Amino acid sequence: EELARRAAGGEGLATPERAVLLAYAKLWLYDEILASSLPDDPWVARALTDYFPPVLVERYGAFLPRHPLRREIIATEVVNRTINRAGATFVHRMREATGAGPADVVRAHLLAREVFALPGLWRDIEALDMRVDDEVQASMLMESGRLATRGTLWFLRSRRLGDDMAATIARFAPGVAALAERVFDLLPGASREDALRRAAELAQVRVPEPLARRVATLEALSGALDVVETAA
């Protein structure tokens with residue numbers, strides 16, 4: 001009743017309420033991931049070494065695969081990476097759209113992130129803290145998030161989803177990177193003008209030009225997976 005009242009009045013959740021939702025979304029997804037085979041994928045299992053300080057990995061890396069909480073640590077890392085970046089309702093929305101299970105949604109999201117090289121892009125955007133307005137950073141993160149969502153949906157509907165993750169990334173990432181480098185040359189007239197206009201807008205608010213150009217072409221890259229798959 002309360003949510004219906006707020007919806008009628010154009011209100012949403014308060015920040016503390018959203019924090020609770022975030023926590024419960026993580027708890028639920030953690031159980032789903034732990035019960036799946038996702039933590040056993042060799043590429044996903046690299047999250048285990050990311051969890052520990054580099055000095056411990058250097059000294060005791062050979063022992064980490066025998067850690068008694070190996071799968072639990074991997075599941076925690078994967079859940080945090082997904083929900084912290086995509087939001088508390090992301091997995092639910094993807095399930096509604098495709099009927100896929102939670103582990104497959106997370107698997108597809110991880111693939112999309114890597115194939116489109118989004119972690120590096122996110123680091124570059126977040127490195128602009130105190131250098132550009134928060135609204136500018138937020139808009140760039142949302143644009144990259146839309147590409148991650150489209151990539152997730154693509155993999156959820158692809159026969160590649162069940163393949164070895166490292167092999168799938170190796171199959172798609174180079175082709176996507178090659179298209180990203182030439183995307184301004186490949187775009188048709190009107191789309192190219194729109195992308196150039198967006199890049200100029202970002203450059204005017206102190207976003208470095210290479211980053212501005214990359215963000216401006218994110219929407220155009222949404223079809224890159226089809227291109228690479230067809231070419232292969």
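**Reading salt bridges, backbone angles and a surface patch**

Q: In which kind of contact do the side chains of Glu201 and Arg198 meet?

A: The contact is a salt bridge, with 3.8 Å from N to O; the term denotes a Lys or Arg side-chain nitrogen within 4 Å of a carboxyl oxygen of Asp or Glu. The model is predicted: local features require pLDDT of at least 70 and side-chain atom pairs pLDDT 80 or more, while totals for chains, interfaces and linings use all residues. Residues are numbered from 1 along each chain as its sequence is written, and side-chain values use heavy atoms, without hydrogens or water.

Q: Where do Glu201 and Arg198 lie relative to one another?

A: Both belong to helix α11 (helices are DSSP runs of H or I with at least four residues, strands are runs of E with at least two, and numbering starts at the N terminus). Within α11 the two residues are 3 apart, about one turn of the helix. Glu201 is partly exposed because its relative accessible area is 40%; here buried means under 20%, exposed over 50%, and partly exposed in between (1.4 Å probe, protein chains only). Arg198, at 22%, is therefore also counted as partly exposed.

Q: Which residues are joined into one network by salt bridges that share partners?

A: The network is made up of Glu2, Arg5, Arg6, Glu11 and Glu17. One of the salt bridges pairs Arg5 with Glu11, whose closest N and O atoms are 3.5 Å apart. Arg5 has 46% relative accessible area and so is partly exposed; Glu11, at 43%, is partly exposed as well. In the whole structure, the search finds 16 salt bridges.

Q: Is Arg107, which forms a salt bridge with Asp41, buried or exposed?

A: Arg107 counts as buried because its relative accessibility is 11%. Its partner Asp41 is likewise buried, with a relative accessible area of 8%. The closest N and O atoms of Arg107 and Asp41 are 3.7 Å apart. Arg107 is in helix α7 and Asp41 in the loop between α2 (15–34) and α3 (47–51), so this pair ties together parts that are 66 residues apart in sequence.

Q: Which value of phi does Ala117 have, and which does Arg206 have?

A: For Ala117, phi is near 55°, a positive value in a residue other than glycine. Ala117 sits in the loop between α7 (102–115) and α8 (118–126), and at 38% relative accessibility it is partly exposed. Arg206, not a glycine either, has a positive phi of about 75°. The loop between α11 and α12 holds Arg206, which is exposed, with 54% relative accessible area.

Q: Which residues form a nonpolar patch on the surface?

A: A patch is built from residues with over 30% relative accessible area and no salt bridge; like charges are joined within 9 Å, and nonpolar side chains (Val, Leu, Ile, Met, Phe, Trp, Tyr) within 5 Å. In this model, Val55, Leu56, Tyr60 and Phe63 form a nonpolar one, and together they have about 370 Å² of accessible area (Shrake-Rupley method, 1.4 Å probe, with only the protein chains shown counted as cover for residues). Phe63 is placed in the loop between α4 (54–60) and α5 (70–86). Its relative accessibility of 49% is why Phe63 counts as partly exposed.
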